[in-house]
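Q: Could you take a close look at one part of this model for me, the largest cavity and what surrounds it? I'd like a walk through the lining and the elements behind it.

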Amino acid sequence: MVSFSGLELLATAVVALDERFVVRYANPAAESLLATGAKSLIGQPFLSLFFEKQALMASLRESRAMHWDYAAQNVTYTRHGREPLPLSCMVTRIDGSGLALLAELRPISEQLRLAREERIKEADRLQALMDRMLTPHRAPRIEPMSVHEVLERVRSLVKAEFGVVIERDYDPSLPELIGDREQLIQAVLNIARNAAQAGSKSIVFRTRAVRQTTILRQRYRLALELQVIDDGPGVPEEIQERIFNPLVSGREGGTGLGLSLAQTFVQYHQGVIEFESRPGRTTFRILLPLT
């Protein structure tokens, strides 16, 4: 039996749905947001709560069938005698005892506030990065860091900008990486943004330790392998050989600088970046020396 005791303390509204998308659990935050007691919510069809029934049904079915986290479109909660409440709805697949999905609900105003805060943080980070790149003879900021902290920062930025949920497949045994944190954030961010802009619904960050490997003709006892995997349409075949060249873009309106910069930042860390792509699965693989 699934235990929801940990959800009781969350400030975020969360409801659990069965295979028929009927509400089987609602935490106190959901009761407060929806202005309805759990006893009234439990047993209600989830779709009946919202105006956008058909679109939401499609999202729920896709999330259940594909085992993805799925950031659904915005929905409108219909309340008797009160103004409709615009919400964002994020759905996650769960398993156990007849339950299928966990839905997280947030007021749109809160989502906009979080996105604004992320943009302000991102502006400061980019300014610091550009200052270091453009100031002559200024040394990069080399420091120990957790690669997973880098990935979590990228994950939060992509989620705020595109609403795409990124799955994590991390190797917790990896040691700290020595390098420039802002450059590595930008390298991974450029790759993940490309995937989101191409229409990917699923992105995965995967880290692994690789032993006794050669990078740029030098042998290393231990290296980090970082993969960014997406289910988008893939890199067009006609530009695959030139994808890291400046001004080459497979997207209308693209600058063609994102992957070129990503490669530059990876090379600053004595690493390499490569990719494999076909429709439905593209994998960018970064190898960075550790020891």
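A: **Around the largest cavity**

Let's start on a strand: Val228 has Phe284 in S13 as its bridge partner. Keep in mind that this is a predicted model. The pairing behind that contact is between strand S11, residues 218–230, and S13; the two run antiparallel and are joined by eight bridges.

Zooming out a bit, S11 and S13 sit side by side in an open sheet of five strands, ordered S8-S10-S11-S13-S12, with mixed pairing. At the edges you'll find strand S8 (166–169) and strand S12 (272–278), each of which pairs on one side only. On average, neighbouring strands of this sheet are turned by 25° against each other, ignoring direction.

Now for the empty space. Rolling a probe the size of a water molecule over the atoms is what shows where such space is left. Searching the whole structure turns up one cavity of 30 Å³ or more, and the largest cavity holds about 40 Å³ of space.

Who lines it? The residues are Val147, Leu177, Leu184, Ala187, Val188, Leu226, Ile286 and Leu288. By character, that's eight nonpolar residues, with no polar and no charged ones in the lining. Two elements supply at least two lining residues each: helix H6 (181–197) and strand S13 (281–289). H6 gives the largest share, three residues. So S13 turns up twice in this story: as the antiparallel partner of S11, and as a contributor to the cavity lining.

Val147 is worth following too, as this lining residue is also among the buried residues of H5. Helix H5 covers residues 147–162, which is 16 residues, and spans 22 Å from first C-alpha to last, close to the 22 Å expected at 1.5 Å a residue. Along with Val147, the buried residues of H5 are His148, Val150, Leu151, Arg153, Val154, Arg155, Leu157 and Val158. Notice that His148, Arg153 and Arg155 are in that buried set as well. After H5 comes Gly163, with a positive phi near 75°.

For a companion to H5, have a look at helix H7, residues 258–268, where Leu259, Ser260, Ala262, Phe265 and Val266 are buried. H7 is followed by Gln270, and its phi is positive too, near 60°.

How values were computed
Residues are numbered from 1 along each chain as its sequence is written. This is a predicted model: local features need pLDDT of at least 70, side-chain atom pairs count only at pLDDT 80 or more; totals for chains, interfaces and linings use all residues. Side-chain values use heavy atoms; hydrogens and water are left out. Buried means under 20% relative accessible area, exposed over 50%, partly exposed in between (1.4 Å probe, protein chains only). Helices (H or I, at least four residues) and strands (E, at least two) are DSSP runs, numbered from the N terminus. The expected span of a helix is 1.5 Å times one less than its number of residues. On a 1 Å grid over the protein atoms alone, a cavity is a set of points where a 1.4 Å probe fits but cannot get out, and a pocket is an open set with protein on both sides within 12 Å along at least five of seven lines; lining residues have an atom within 4 Å of a point. Grid points are joined across faces, edges and corners, and a volume is the space filled by probe spheres set on the points. Ala, Val, Leu, Ile, Met, Phe, Trp, Tyr, Cys and Pro count as nonpolar, Asp, Glu, Lys and Arg as charged, and the others, Gly among them, as polar. Two strands pair if DSSP finds at least two bridges between them. Axes are lines fitted to C-alpha atoms, for helices over the stretch in contact, and angles run from 0 to 180 degrees between N-to-C directions.
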